[in-house]
Amino acid sequence: MAEKFLYDELDTFSRHGILKKEIPDYLKDNLNPNYELRPYQVDAFARFFHCLDNDFPGKDYPLHFLFNMATGSGKTLIMAGLMLYLYERGYRNFLFFVNSTNIIEKTKENFLNPRSSKFLFSEDIRFGTSRVNISQAINFEDVNDSDINICFTTIQKLHSDLTTEKENSITYEDFKHKKIVLLSDEAHHMNVSTAAGMQLAESWENTVERIFRQNENNLLLEFTATLDYTHRNIVNKYLKKVIYRYDLCQFRNDGYSKDVNIIQADFEESDRILQALILSQYKQEVAAKNRINLKPVILFKAQRTIEQSKENKKNFHQMIDNLSPENIKRIRLKSDIPLVERVFRFFDQNNISARQLAERLRKEFNEERCISVNEEKEKENQQILLNTLEDKDNRIRAIFAVQKLNEGWDVLNLFDIVRCYTQRDSRGNRPGKTTISEAQLIGRGARYFPFATEDNKDRYSRKFDRNLDHEMRVLEELHYHSINDSRYISELRTALIEEGMLDEREVTRKLKLKDSFKQDDFFKNGLVYLNSRKINNYQHIRSFSDMGISRKSHTHIIATGRGTTGAILANGNSVPVVAEPGKRDIKVKNIPKHIIQNAITKQSFFSFQNIKKYFPMIETLEEFIESDSYLGGQEIIFQGEEYEMSRLSNRDQLDGMIGLLNQIETDLRKNITEYIGLDEFTPYDVSEIFYNKTLKLIEGTDRANGDENFVADKDWYVFNANYGTSEEKAFVRMLERQINELQKKHDGIYLIRNERHFKIYSFSDGKPFEPDFVLFLRQTNGDILTYQIFIEPKGKHLKEYDKWKQEFLQEISDKFGKKTLDIKTKQKTIKCRLIGVPFYNNQDENKFKQSLYAALE
């Protein structure tokens with residue numbers, strides 16, 4: 001039996017809840033607030049914390065771990081978080097190295113420049129009351145021990161500096177007496193010796209190993225998207241070092257990348273290019289219509305030579321200069337690609353004529369907005385433009401390249417790649433080197449462009465996998481434009497599957513309302529009641545306690561410096577006990593006002609703008625300081641030497657005040673809610689909310705099995721299939737066994753699976769919830785009374801995690817279960833009651849049935 005990797009064991013721990021996935025506040029608060037940690041990043045941190053503090057077979061010092069994580073998964077953000085965590089653990093010095101100068105320059109921007117759009121840290125890094133700086137170091141001799149000191153270098157330069165004496169360069173001595181964290185990016189380049197099966201004395205790998213071994217407290221943390229699990233030597237080296245394997249396929253299937261679509265066309269190259277430009281402009285127009293600031297970029301890739309790329313660029317500008325409405329109309333007539341047909345329908349609906357489109361394309365793709373990055377000098381000159389393509393003031397729309405864009409190029413708004421050649425280089429029906437490099441380029445371009453919608457505020461993951469026909473779906477797709485060559489497309493698909501950018505198990509399924517239901521009066525005239533949410537304006541907040549801050553005091557310990565020494569004596573005499581420190585309670589209103597104001601200015605969270613946002617009734621800063629409802633009602637317990645308590649210094653009071661503000665900020669952040677859900681439910685037409693969809697699913701999973709045969713003859717189940725979990729399918733079968741009983745009192749029964757058709761919003765914080773089912777039971781007794789019942793099947797392992805949903809369902813029943821919502825029409829009055837029932841679980845069906853029937857009494 002093959003020996004397990006470390007990540008295999010940690011996978012098991014993660015699945016069974018053994019890993020503590022709690023991220024310290026100082027780590028979260030000191031990262032850039034624009035970056036919200038994703039679940040897999042939290043998992044990565046949890047694995048590192050666990051391995052740092054716990055023994056496991058094969059654990060060896062100094063510690064060496066590798067994070068094998070997909071391109072685009074935010075490895076540098078994890079590095080930044082690990083720096084913060086290890087700073088708290090006493091580490092101050094970090095050596096970052098990689099094989100490319102371009103990656104070094106980009107990484108410096110991310111770590112050191114607060115004005116960069118990709119800066120990783122909070123502008124004000126604080127540990128307790130202390131502010132911490134990020135400093136660039138040349139070596140670690142004269143660094144500030146209060147800073148996070150980072151030395152950036154390439155592995156080539158590091159190797160040269162350590163093997164050739166140079167003034168001020170790093171030496172092996174630097175690593176003997178200070179514990180260092182070595183951070184290796186694109187770490188697969190470091191394994192030349194291992195792959196060769198020999199120890200080369202002068203290799204990069206040997207240099208890193210020698211640095212690492214200088215101090216037993218050193219840490220080596222490697223990061224790569226590429227690790228060869230088929231190479232025996234690599235496997236042996238990393239068996240107990242790979243802390244996380246989160247590959248591109250998993251990353252993509254979890255929804256964090258664009259979807260890749262190949263557009264094949266039997267067009268001349270110029271028409272393929274024009275079709276790509278039209279599609280690119282369509283994406284910009286869709287984004288603008290939905291108030292998303294997007295400038296989609298298109299890449300034109302030459303096959304082998306710089307001359308080919310130059311020729312492509314020259315021909316491109318000639319085409320743009322001469323572009324006419326007739327050229328646009330020609331593409332419209334010739335193309336039978338469904339997406340392109342949809343593009344032109346969009347232009348028609350939004351009154352964008354062929355003439356207007358041609359004008360926009362000439363403007364958007366003029367020569368000033370196109371760059372070439374083929375020669376090294378060109379690439380260096382354009383590096384800033386390449387690394388800031390998403391910035392608002394970056395106007396580049398097109399890039400011409402051969403092979404220069406590979407590792408280290410992070411771009412989110414690349415939406416189209418045009419293959420400007422037709423040759424293949426496959427051998428034996430296997431993808432050739434060119435095709436493999438194309439697949440790798442596609443992988444880099446498939447990074448997700450973050451945006452939110454009214455219904456989905458998660459900016460960093462795909463939103464329309466379960467609604468492929470949605471207009472905004474195109475903003476989640478990367479299109480690769482190629483000739484219509486079936487053999488080449490097959491080879492490219494193979495390469496993309498191997499890269500993880502396509503899943504060969506992926507299938508699309510049509511979810512359709514049954515014709516019989518569409519003819520039913522309930523579909524034509526029925527109503528579904530939904531609530532909405534609004535931005536929380538905090539108008540009801542008039543004190544700290546209204547925001548859930550119950551603590552009224554903060555303890556500030558003044559370091560006494562006291563201690564004692566003694567021996568543990570055989571005769572049982574005890575070691576001398578350190579005396580209890582003195583304490584003094586001081587109300588904030590008794591601290592000099594200038595000290596309080598100074599403390600507030602040091603805490604960016606407590607700007608007056610923020611104070612007014614969360615406590616809108618406050619008129620002045622003085623009121624915030626003096627009112628018993630706010631700071632005036634707080635006190636600080638100072639603890640230290642007795643003699644110090646009688647003469648507290650301004651510094652002591654300032655530090656105590658900063659500590660109190662930190663505590664209040666932490667409590668506030670836990671209770672801040674951006675939204676609140678309205679407790680008014682508005683009626684919508686059933687025919688407006690529920691409609692046909694095209695879904696993307698993974699063959700072989702529970703969801704891909706639509707249970708079509710089972711639901712086909714169930715007239716109360718309104719869709720043609722149930723693409724739900726096994727728990728959801730079990731619920732439908734359970735309900736089928738209750739139909740006869742339910743029909744005794746109800747002449748209309750309609751079960752509708754909510755395939756992301758609607759959301760309801762938690763009353764307390766506006767958190768969106770998509771109940772898996774809504775069950776309508778209609779009984780006629782004079783007026784029509786319809787029960788609208790929200791139902792959520794849930795596996796036992798998720799019950800605790802989704803506890804808030806069950807509480808919300810109960811709140812709905814408490815507020816509306818016995819209350820009738822009336823809608824009067826000319827012919828009749830439609831009455832409705834809203835009910836939320838406890839989670840359905842297959843292993844506890846009777847409890848659910850009892851709750852359901854009790855709600856209907």
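1. In this predicted model, helix α22, residues 593–602, and helix α26, residues 650–671, have axes that come within 9 Å and cross at roughly 50°. The two helices, α22 and α26, are therefore oblique to each other, and their crossing is right-handed. On the α22 side the contact is made by His594, Ile595, Ile596, Asn598, Ala599, Ile600 and Lys602, while α26 contributes Asn650, Gln653, Leu654, Met657, Ile658 and Leu661. Sorted by class, the residues in this contact of α22 with α26 are eight nonpolar, four polar and one charged.

2. A second helix pair to inspect is α11, residues 269–289, with α14, whose axes come within 10 Å and cross at roughly 50°. Helices α11 and α14 are therefore oblique to each other, and the crossing of α11 and α14 is left-handed. The residues that make the contact are Gln275, Ile278, Leu279, Tyr282, Glu285, Val286 and Lys289 from α11, together with Leu339, Val340, Arg342, Val343, Phe344, Phe346 and Phe347 from α14. By class, the contact of α11 with α14 has 10 nonpolar residues, one polar residue and three charged residues.

3. The third pair consists of α6, residues 155–163, and α8, with axes that come within 10 Å and cross at roughly 65°. That angle makes α6 roughly perpendicular to α8, and the crossing of α6 and α8 is left-handed. Ile155, Gln156, Leu158, His159 and Leu162 of α6 meet Trp204, Thr207, Val208 and Ile211 of α8 in this contact. In terms of class, the contact of α6 with α8 has six nonpolar and three polar residues, and no charged residues.

4. How many cavities of 30 Å³ or more does a search of the whole structure find? The search returns three, and the largest cavity holds about 140 Å³ of space. This largest cavity is lined by 13 residues, of which Phe522, Gly526, Leu527, Thr786 and Ile830 are the closest to its centre. At least two residues of the lining of the largest cavity are supplied by each of α21 (521–525), β17 (527–530), β29 (783–791) and β31 (829–836). The lining of the largest cavity divides into six nonpolar, three polar and four charged residues.

5. The second largest cavity contains about 60 Å³ of space, and the residues that line the second largest cavity are His64, Met190, Glu205, Val208, Glu209, Leu220, Glu222 and Lys237. Two elements, α8 (204–212) and β8 (219–224), each supply at least two residues of the lining of the second largest cavity, and α8 gives the largest share, with three residues. Val208 of α8 thus appears both in the contact with α6 and in the lining of the second largest cavity. By class, the lining of the second largest cavity has three nonpolar residues, one polar residue and four charged residues.

6. Turning to open space, the second largest pocket has a volume of about 690 Å³. Its lining is made up of 27 residues, of which Val260, Asn261, Ile262, Glu477 and Lys696 lie nearest the centre of the second largest pocket. The elements that give two or more residues to this lining are β10 (259–265), α14 (338–349), β15 (477–483), α19 (486–499), β16 (506–511) and β24 (693–698). Strand β10 gives the most to the lining of the second largest pocket, with six residues. Helix α14 is thus among the elements of this lining as well as a partner of α11 in the crossing described above. The residues of the lining of the second largest pocket divide into 10 nonpolar, five polar and 12 charged.

7. Two features of the backbone geometry deserve a look. Most residues other than glycine have a negative phi, and most peptide bonds are trans. Where does the model place Pro62? Pro62 is in the loop between α3 (39–53) and β1 (63–69), and the peptide bond from Tyr61 to Pro62 is cis, with omega near -5°. Tyr538, although it is not a glycine, has a positive phi of about 60°, and Tyr538 is found in the loop between β18 (533–535) and β19 (553–557).

Methods:
Residues are numbered from 1 along each chain as its sequence is written. This is a predicted model: local features need pLDDT of at least 70, side-chain atom pairs count only at pLDDT 80 or more; totals for chains, interfaces and linings use all residues. Side-chain values use heavy atoms; hydrogens and water are left out. On a 1 Å grid over the protein atoms alone, a cavity is a set of points where a 1.4 Å probe fits but cannot get out, and a pocket is an open set with protein on both sides within 12 Å along at least five of seven lines; lining residues have an atom within 4 Å of a point. Grid points are joined across faces, edges and corners, and a volume is the space filled by probe spheres set on the points. Helices (H or I, at least four residues) and strands (E, at least two) are DSSP runs, numbered from the N terminus. Ala, Val, Leu, Ile, Met, Phe, Trp, Tyr, Cys and Pro count as nonpolar, Asp, Glu, Lys and Arg as charged, and the others, Gly among them, as polar. Axes are lines fitted to C-alpha atoms, for helices over the stretch in contact, and angles run from 0 to 180 degrees between N-to-C directions. Angles under 35 degrees count as roughly parallel, over 145 as roughly antiparallel, 65 to 115 as roughly perpendicular and the rest as oblique. A crossing is left-handed if the near helix is turned anticlockwise from the far one by less than a right angle, and right-handed if clockwise. Contact means heavy atoms within 4.5 Å.
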